[in-house]
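Me: I am new to this structure and would be grateful for a close look at a single part of it. Please choose one strand and explain how it is paired and how it is placed.

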Amino acid sequence: MLLAPIIWVLTVVICYFFIAKTWWFPPPINAHGRAYDAQFMRTLIVVGIIFFLAQFALGWVIMKFRNDGGRAQYTHGNNKLETLWTTATAVLFLGLVVMGANIWAGVHFDEAPPDALPIEVMAKQFAFNFRYPGVDGKFGHTELRLINDANGDPFGMDPADPTGKDDIISASLKIPVGKPIKLIMHSRDVIHNFFVPELRMKQDIVPGMEIPLHFEADKIGVYEVPCSELCGLGHFQMHTTMQVMSEADFEQWKATQLANK
Amino acid sequence: MASPAAHTAHHAPEGFIRRYVFSLDHKVIGIQYYFLGLFSVFLGMSLSLLMRFHMVNPNAVVKWFSWIWPTAAQGGVMTPELYLSLMTMHGTIMVFFVLTTVPQSGFGNYFLPIQIGAEDMAFPVLNMMSFWTTFLALMVMVSAFFVQGGAPLAGWTAYPPLSGAGQLTGPGEGMGQNMWILSIAIFCGASLMGAINFIATTVDLRCKGMTLMRMPLTCWTWLVTAILGLLGFAVLLAAGALLMLDRTVGTSFFLPAGLFINDHILSNHKGGSPLLWEHLFWFFGHPEVYIAILPGMGVASQLLSTFARKPVFGYKAMVYAILSIGFLGFLVWGHHMFMSGMNPYSAMAFATLTMCIGVPSAIKTFNWIGTLWGGKIHFTTAMMFALGFVSLFVTGGVSGIFLGQPALDLYFHDTYFVVGHFHMIMGVAAIFGMFAGTFYWFPKMFGRMMNEALGKIHFYCTFIGVYCIFTPMHYVGLVGNPRRYSDFSNVNYLAGVMPLHHFMTYAAYFTASVQILFIINLFWSMFKGPIAPPNPWNATTLEWTIPSPPPFDNFAGVHPVVYHGAYEYSVPGAATDFIMQTDPAVVPGSSH
């Protein structure tokens, strides 16, 4: 039958591109990303073997058990086999979840270290904005009615609040290398999503909620941040970058921003 | 078996309208649902072709676009909002009016009563109302294209505030979104009527001897699907009503305080949560996946057994797998929400339950291969589609093992990896189940055979075609390609996957065009195909004991009595290689 070789060829082609890594993740830029990749590879090996064997077996029975005019085997099944493959899949699948649990825990159960640099994220249709607390380490008070996008203030900074005087607002995310970062994420209209492929992290930004996300990046560079939750007609354009800088460059950048205020 | 009793037989009503339009006959209603689904699938497919075209040619000027959409495609260039409308409507029409409608309401309506030996569904009038309500829902949905602002752009998941704050969030979010919610609410009503009917029919109308464990697996899947529908659509209906209230009356179920949308402060809302919608929606939405695929699993089991001439391997295990999928299906909705901002500890619970639901799915695959093992496979077109179903089910299923882990979902959520996954499993695998069902039951439904040669060409082209469309989506997902983008040119790292997007688009054109073969086969065979015998496949279940097409009351006044399980193929010592469910208990020539 033609079908068996077609299934086999498709299976081999699909597996080939996963093994050759023709289209692949960008390299990770933190410990979490490397742990992520290890968990992905573990899963890929388990899933790849299941996928290959299942498709191969399907092709095999199609080849082997063609009608030749005789009688088929009369059997209603085999309880031992049922128990065996039920147990085996349950152990494998649950084992994978357990092995991945610490990666999830590292992102979501652990608190950000106390010295983490806080940065507020404000997502709106269709841009990200980032606010740094300045030298005093405090974010100034904001109000909806004070929002003035045209004037470069998507947060609605209260001019009466002195703690806000040294706050820096930026349309792209700048962070120092190797330092823990804590994002405090807000959306002022619809649901958006913060995603940096190289960080292997993604988080919805939900209006009415304050969602924290903490991480470190240990490789200097500029990384893209595409919005990853449908947010309206400009969703495909909602895009910013995350620039990982040396500590000195970062301080320099902050100083320049403050001077230009 | 009792002798034919003409005096107890019921006859079809005489008038055309009562017989074919507002019919109470479950067979006519099943065919009505089938054609409603057929219309919808071509509509949904056309929308997807426009989307695939736009993704690789975002700036193309196509004159006739501006004829259809004078504002949304002014000058012939498709706007991003038009793209999102097409996407929303593609998803909605495919999920509700194709995947929910054809396998369950179409084939289920036609064959559930016959396979359990009943004259009709338990509530024929409710059945008729259910179809015409579905029809109304489809009309309302399609009309969303023609209202001011066009169709909604919030996706088939309609997350608020995008879907809840009215026109401020984008064109199509005014009247279009209202029409969408209204249509879904009507559809929920129709599905509830259908679900009650399916459950009552299965519980009450089984003929003598048709114990639950003798039911064909198709009936088991229709029963469990109906239970899922009853519990799921009730919740969606409530959620839809609340969303409509938020939009029109100014309640705040899903809208929090502090919204500043499109330069407007929304001061009339406070206290709502978008997460509430996500919970309610996915409490329906995840069972919905099984509503789409369970009947396909039933059809695959039925066909693999019939055409391998072997009993289903592990019938009981299959029944328990269907039941546990049904039960666990209500406990895993949170895996759609790992990135939503819900309590991250709950993600671990949902992940564990999600992996648990993978187990019965794996059991079914093993049992299908076990059914084929040692068989004598007859390669009819129906069987080819059933085999294709198994292959696609495996391919679509295994990618779920990545997505079910919250840790790995940290990257894959909302990428094309997800799009590839669900299209493989609940899209094309389910559609292969429908094709398989069509080729298998067409002779019974229309009294004629379909063309096998044309059927096989169609099968091979479609099988290779869908693999070419949906496998590359996994690769572009690996690269981090976000879904629901109308244009990829803003993201630099996506430049490398554009050749794959072109490939997928060509594969989609190819696959869509070979569907013409199916349409030709379907309509040509309906009128010109060779006359079908009552049991062309030498199958065992009750629908094959009666003429093709069946008389109005199915069994011509006779009450069938069942003596065997549904899949008694190749019984040693039996005269033929199949024992029909109604054959006498002691098989002549049998030693036991």
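Reply: Two strands are said to pair if DSSP finds at least two bridges between them. The model discussed here is predicted, with an ipTM of 0.96 and a pTM of 0.96.

The part chosen is strand β1 of chain A, which spans residues 117-124. Its pairing with strand β5 of chain A (residues 181-187) is parallel and comprises 7 bridges. Within this pairing, A:Glu120 has A:Ile184 of β5(A) as its bridge partner.

Strand β2 of chain A, residues 127-132, also pairs with β1(A), here in the antiparallel sense and over 5 bridges. One of the residues involved is A:Val121, whose bridge partner in β2(A) is A:Phe130. The connection from β1(A) to β2(A) is a hairpin of 2 residues.

As to its placement, a residue is counted as buried if 20 or more other C-beta atoms lie within 10 Å of its own. Of the 8 residues of β1(A), 6 are buried, and the strand is therefore largely enclosed by the rest of the structure.

For context, one may turn to chain B, which has an average pLDDT of 95, with 97% of its residues scoring at least 70. The largest nonpolar core contains 248 residues, and the members touching the most others are B:Ala386 and B:Ala436. Apart from neighbours within four places in sequence, B:Ala436 is in contact with several residues, among them B:Val299, B:Leu303, B:Phe385 and B:Ala386.

Key
Residues are numbered from 1 along each chain as its sequence is written. Chains are lettered from A and ligands numbered from 1 in the order in which they are written. This is a predicted model: local features need pLDDT of at least 70, side-chain atom pairs count only at pLDDT 80 or more; totals for chains, interfaces and linings use all residues. A nonpolar core is a set of buried Ala, Val, Leu, Ile, Met, Phe, Trp, Tyr and Cys residues joined through C-beta atoms within 7 Å. A residue is buried if 20 or more other C-beta atoms lie within 10 Å of its own, exposed if 12 or fewer, and partly exposed in between; C-beta atoms are placed from the backbone. Two residues are in contact if their C-beta atoms, placed from the backbone, lie within 7 Å. pLDDT is the predictor's confidence in each residue, from 0 to 100. Helices (H or I, at least four residues) and strands (E, at least two) are DSSP runs, numbered from the N terminus.
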